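I opened a fresh page in my notebook today. Here is what I looked up, step by step, so you can follow along with me.

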Amino acid sequence: KNLSQGVEAEINIVLDVMVPLHSVTGALREFEKMYPDTRLSLSVETLGAALKPVIEGRAVLAITGPLSQEYPELISEAFAGVPMAACVSPAHPLAHQSASLTLEQLTGHRQIVLSDRSEFSDGRGFGIISAMTWSVSDLHAKRTLLIEGLGWGAMPLEYVESDLADGHLVKLNIADISLDWAVMPMYAVWHPARPPGIAAKWLLDKLR
């Protein structure tokens with residue numbers, strides 16, 4: 001019946017690593033009930049690696065960050081933003097700065113950043129302020145390095161709320177920070193030649 005109505009047998013969706021997974025599980029649970037015969041493939045990627053499957057036709061939809069705005073061949077719609085927090089270990093020198101920090105002060109300390117597992121951002125840096133960086137491939141590794149005092153970095157607030165509450169991390173007070181650092185904008189992205197089908201569009205509406 002689903003096939004005769006044009007419902008997809010399988011949909012592939014990519015989420016930016018910055019999107020907290022437990023914030024979408026409610027929509028996935030409803031999707032399971034609404035389309036029990038549609039297989040769902042859910043990937044979690046960083047930066048350009050979240051866009052590449054959509055561009056190459058391997059995914060029908062991505063929820064990803066501002067990098068998508070640089071690809072006019074894709075259709076993108078504003079999605080919910082992700083609250084962010086610049087964090088550091090309480091043992092780190094930056095944690096003992098009582099006044100608001102300037103971006104210039106941050107440049108002298110190592111920044112932990114996420115690496116792009118695609119060629120889409122070769123030679124470019126997104127949200128990189130410091131002259132010294134270490135790159136990691138996922139948020140778990142980034143959180144661990146931050147807690148261990150090996151640098152500072154921005155994290156989705158939802159991932160580190162418990163660490164901030166327990167004192168394992170300290171939120172940095174940055175004076176001249178941009179709005180994108182406070183709330184990272186997200187976009188729902190797809191290729192106009194391969195728009196979301198019935199099930200994928202239903203899931204996108206639920207995710208919104």
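Entry one, burial. I began with the whole chain, keeping in mind that this is a predicted model. Of its 208 residues, 41% count as buried. The chain exposes about 10500 Å², and carbon and sulfur atoms supply 53% of that area.

Entry two, the elements. I found 7 helices and 9 strands in the protein chain. I also looked up the contacts with a separation of 6 or more: residues 24 or more positions apart account for 75% of them.

Entry three, strand β3. Which way do the residues of β3 (61-64) point? I noted that L61 and I63 point one way, while A62 and T64 point the other way. Every one of these four is buried.

Entry four, the partners of β3. Strands β1 and β3 run parallel and are joined by 3 bridges. In this pairing, I13 has L61 as its bridge partner. With β9 (residues 183-190), β3 pairs in the antiparallel sense, again over 3 bridges. There I wrote down A62 and its bridge partner V189.

Entry five, a cavity. How many cavities of 30 Å³ or more are there? I counted 1, and the space in the largest cavity is about 40 Å³. Its lining consists of I13, L15, V24, L28, L42, L203 and L207. Two elements, β1 (10-16) and α7 (198-207), each give two or more residues to this lining. By class, I listed 7 nonpolar residues there, with no polar and no charged ones.

One last jotting: I13 came up twice, as the bridge partner of L61 and in the lining of the largest cavity.

How values were computed: Residues are numbered from 1 along each chain as its sequence is written. This is a predicted model: local features need pLDDT of at least 70, side-chain atom pairs count only at pLDDT 80 or more; totals for chains, interfaces and linings use all residues. Side-chain values use heavy atoms; hydrogens and water are left out. Buried means under 20% relative accessible area, exposed over 50%, partly exposed in between (1.4 Å probe, protein chains only). Contact means heavy atoms within 4.5 Å. Accessible areas come from the Shrake-Rupley method with a 1.4 Å probe; for residues, only the protein chains shown count as cover. On a 1 Å grid over the protein atoms alone, a cavity is a set of points where a 1.4 Å probe fits but cannot get out, and a pocket is an open set with protein on both sides within 12 Å along at least five of seven lines; lining residues have an atom within 4 Å of a point. Grid points are joined across faces, edges and corners, and a volume is the space filled by probe spheres set on the points. Ala, Val, Leu, Ile, Met, Phe, Trp, Tyr, Cys and Pro count as nonpolar, Asp, Glu, Lys and Arg as charged, and the others, Gly among them, as polar. Two strands pair if DSSP finds at least two bridges between them.
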